[in-house]
Amino acid sequence: MLKHTDLYTTNGGFQIKMATSQLDNSIAKLLAKVDKDISNFSAKQLLLTKQSANLMAMDKNLVTDDETVHDIFSELNSAQILHFLKYFKPDELSPDPVPKSVIQQVEETVAKQKKLNLNVDPAQVAKLNVFAELE
């Protein structure tokens, strides 16, 4: 999702939320019979996508409150949130761009934290790839 900045709109966020809901149901049905560890891992990966979609669909002013950010985006780090905010594009559902003050505040948060990655841990992705090759 990090590379698909064309989806960084409110409408894109809602579309992704609907798609992840369908995926979540399918994965739960498929993996419930197989391996709980893989099922839990795939659910966590899907949670990252869900939280990214929620960010696209919500009022961007809410990300300036650290407590709200922690509660809503437990799986996203500040660098990831900043990336989504910087590339967000206004659309018919949300015609206003992300306020510069919001981006600046998140940039300050990122600057205070060290070594935040945009990408998911490659070792975790390898677990899912190994499982996919078994099928």
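A residue is called buried when its relative accessible area is under 20%, exposed when that area is over 50%, and partly exposed in between. The structure described here is a predicted model.

**Overall make-up**

The protein has six helices and zero strands, so its elements run α-α-α-α-α-α from the N terminus on. It has 135 residues, of which 33% count as buried. Among contacts between residues at least 6 apart in sequence, 71% join residues at least 24 apart.

**Helix H4**

In helix H4, which covers residues 78–87, eight of the ten residues are buried, so the helix is largely enclosed by the rest of the structure. The buried residues are Ser78, Ala79, Gln80, Ile81, Leu82, His83, Phe84 and Leu85. At the start of H4, the backbone nitrogen of Ala79 has a side-chain oxygen of Asn77 within 2.9 Å.

**The largest nonpolar core**

The largest nonpolar core has 18 residues, and those touching the most other members are Leu55, Val63, Phe73, Ile81 and Leu85. At least two residues of this core come from each of helix H2 (36–57), H4 and helix H5 (100–112). H4 gives the most, with four residues. Two residues named above as buried in H4, Ile81 and Leu85, are also among the core members that touch the most others.

Phe73 shows what such a position looks like in detail. Setting aside neighbours within four places in sequence, Phe73 is in contact with Gln51, Asn54, Leu55, Met58, Val63, Thr68 and Ile81. Of these contacts, Leu55, Val63 and Ile81 are themselves on the list of core residues touching the most other members.

**How H4 packs against H5**

Two packed helices are described by the angle between their axes and the distance between the axes. For H4 and H5 the angle is about 155° and the axes are 9 Å apart. Angles over 145 degrees count as roughly antiparallel, and H4 and H5 are therefore roughly antiparallel to each other. H4 passes H5 in a left-handed crossing. On the H4 side the contact is made by Ser78, Ala79, Ile81, Leu82, Leu85 and Lys86, and on the H5 side by Val102, Ile103, Val106, Glu107, Thr109 and Val110.

An α-helix has 3.6 residues a turn, so residues three or four places apart point the same way. Examples of residues in this contact are Ser78, Ile81 and Leu85 of H4, and Val102, Val106 and Val110 of H5.

**Three partly exposed residues**

Thr5, Leu93 and Ile27 lie in separate parts of the chain. Thr5 is in the segment before helix H1 (10–31), Leu93 is in the loop between H4 and H5, and Ile27 is in helix H1. The table gives their accessibility and one C-alpha distance for each.

| Residue | Relative accessibility | Partner | Separation in sequence | C-alpha distance |
|---|---|---|---|---|
| Thr5 | 23% | Lys89 | 84 residues | 8.6 Å |
| Leu93 | 47% | Thr10 | 83 residues | 6.2 Å |
| Ile27 | 23% | Leu46 | 19 residues | 9.7 Å |

Contacts are also listed for two of these residues, not counting residues up to four places away in sequence. Thr5 touches His83, Tyr87 and Lys89. One of these partners, His83, is a buried residue of H4. Leu93 touches Thr10, Asn11 and Phe14.

Definitions and conventions: Residues are numbered from 1 along each chain as its sequence is written. This is a predicted model: local features need pLDDT of at least 70, side-chain atom pairs count only at pLDDT 80 or more; totals for chains, interfaces and linings use all residues. Side-chain values use heavy atoms; hydrogens and water are left out. Buried means under 20% relative accessible area, exposed over 50%, partly exposed in between (1.4 Å probe, protein chains only). Contact means heavy atoms within 4.5 Å. A polar contact is a pair of N or O atoms within 3.5 Å; within protein, one must be able to donate a hydrogen and the other to accept it, and residues adjacent in sequence count only if both atoms are side-chain atoms. A nonpolar core is a set of buried Ala, Val, Leu, Ile, Met, Phe, Trp, Tyr and Cys residues joined through side-chain atoms within 4.5 Å. Axes are lines fitted to C-alpha atoms, for helices over the stretch in contact, and angles run from 0 to 180 degrees between N-to-C directions. Angles under 35 degrees count as roughly parallel, over 145 as roughly antiparallel, 65 to 115 as roughly perpendicular and the rest as oblique. A crossing is left-handed if the near helix is turned anticlockwise from the far one by less than a right angle, and right-handed if clockwise.
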